Amino acid sequence: MRVLILSDIHANLAALEAVLEDAEQFDYEEVWCLGDVVGYGPNPNECIEQLRRLPTRLVCVAGNHDWAVLGRLDIADFNLEARQAVEWTRRQLRADHRAWLEELPDYPLIRGRFTITHGSPRHPIWEYILTPSVAHSNFEYFDTPYCLVGHTHVPVIYQLVQDESDKREHCRALVPTQEHPIALAGPHRLILNPGSVGQPRDSDPRAAYALLDLKEELWIHRRVAYPIELTQARMREAGLPERLILRLSYGW
Ligand code: ZN
């Protein structure tokens, strides 16, 4: 079975549509979404609608922006632009879409050998796994071999490895590329981040996602060009903050 892994769509419909079109070739049977469906972007309702209309089974957890829009966390900790985007999204969101967001779990889900969460298994909504040391300390918070996270908008794979000499465990980061799928089979436990569909932050402005091939035990990292200027025009029309519009061009 193949699974389409999406994260941090952030109401960017043009990016989501490009990803779904690119992913068609893989014949996936499920979609796992790691949260932050809304926030920042101009099409929160359309993005939720796309996810709800998927012909496959959808598994989705809540992200911090989804919660912020629902008023479940204090947005004083958000920067000014993120706060403005949250407030704009609240005004746009249809009641049934709000209800859909409210149903998203704020705890990690388990599917087979995978734990699925937004930030980290330790703090599902909030924690950023940006370094091998933070990743390392999170391995004791899940029981499956693999954990999928989003939230940082940076594609990365953290691998728990045992040192040959002193047998101590340490953690190393691998940057996935489209050309080299990562084999999951093996002795290493992994924390995998597919990157962000709607607001990449690794200096590559193309939408990022991953394809998980459970039969071949492969993690396939994908990048897809999408009409960034279309999303930017929609954001300008909506009056969303200029800094959020510009950063899409740089993938940061
Ligand atoms: Zn996010």
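This passage describes two sheets, a set of salt bridges and two buried polar side chains in a predicted model. Residues are numbered from 1 along each chain as its sequence is written, and side-chain values use heavy atoms, with hydrogens and water left out. Because the model is predicted, local features need pLDDT of at least 70 and side-chain atom pairs count only at pLDDT 80 or more, while totals for chains, interfaces and linings use all residues.

We may begin with the sheets. Helices (H or I, at least four residues) and strands (E, at least two) are DSSP runs, numbered from the N terminus, and two strands are said to pair if DSSP finds at least two bridges between them. In general, strands of a sheet pair through backbone hydrogen bonds, either parallel or antiparallel. One open sheet has 6 strands in the order β3-β2-β1-β11-β12-β9, and its pairing is mixed. Its edges are formed by β3 (57-60) and β9 (182-183); each has a single partner strand, so one side of each is left without a neighbour in the sheet. Within this sheet, β11 (residues 207-213) and β12 (residues 218-224) run antiparallel and are joined by 7 bridges. In this pairing, Asp213 stands opposite Leu218 in β12. Helix α1 (residues 13-23) packs on the sheet, where it touches β1 (2-6), β11 and β12; contact here means heavy atoms within 4.5 Å. The direction of α1 makes about 30 degrees with that of β11, with axes taken as lines fitted to C-alpha atoms, for helices over the stretch in contact, and angles running from 0 to 180 degrees between N-to-C directions.

Another open sheet of 6 strands, also with mixed pairing, follows the order β4-β5-β6-β10-β7-β8. Here β4 (109-111) and β8 (169-174) are the edge strands, each pairing on one side only. From one strand to the next, the twist averages 20 degrees. Strands β7 (residues 156-162) and β10 (residues 189-193) pair in the antiparallel sense over 5 bridges, and Val156 is found opposite Asn193 in β10.

Turning to charged side chains, a salt bridge is a side-chain nitrogen of Lys or Arg within 4 Å of a carboxyl oxygen of Asp or Glu. By this rule the count comes to 15 salt bridges. One of them joins Glu30 and Arg111, whose closest N and O atoms are 2.7 Å apart. This pair links distant parts of the chain, with Glu30 in strand β2 (residues 30-33) and Arg111 in strand β4, 81 residues apart. Glu30 counts as buried at 8% relative accessibility, whereas Arg111 is partly exposed, with a relative accessible area of 23%. These terms are set by relative accessible area: buried is under 20%, exposed over 50% and partly exposed in between (1.4 Å probe, protein chains only).

Arg94 and Asp96 also form a salt bridge, with the closest N and O atoms 2.7 Å apart. Arg94 is partly exposed at 39%, and Asp96 is partly exposed at 33%. Both residues belong to a network of salt bridges that links Glu49, Arg52, Arg53, Arg94 and Asp96. A further salt bridge brings together the side chains of Glu242 and Arg236 (2.8 Å, N to O). Glu242 is partly exposed at 40%, and Arg236 is partly exposed at 45%.

Asp66, in helix α3 (residues 64-70), offers a contrasting case. Asp66 is buried yet has no salt bridge, and the nearest side chain of opposite charge, that of Arg72, is 9.3 Å away. For charge, Lys and Arg count as positive and Asp and Glu as negative; His and the chain ends are not counted. The side chain of Asp66 does reach backbone nitrogens: that of Asp36 at 2.7 Å, and that of Val38, which lies 3.3 Å from a polar atom of the Asp66 side chain. Not counting residues up to four places away in sequence, Asp66 touches Gly35, Asp36, Val37, Val38, Val61, Leu101 and Leu104.

Thr144 lies in the loop between α6 (132-138) and β6 (146-148) and is buried, with 8% relative accessibility. Its side chain makes a polar contact with the side chain of Thr115 (2.7 Å). A polar contact is a pair of N or O atoms within 3.5 Å; within protein, one must be able to donate a hydrogen and the other to accept it, and residues adjacent in sequence count only if both atoms are side-chain atoms. A polar atom of the Thr144 side chain also lies 2.8 Å from the backbone oxygen of Tyr146. Leaving aside neighbours within four places in sequence, the contacts of Thr144 include Ile110, Gly112, Phe114 and Arg189.
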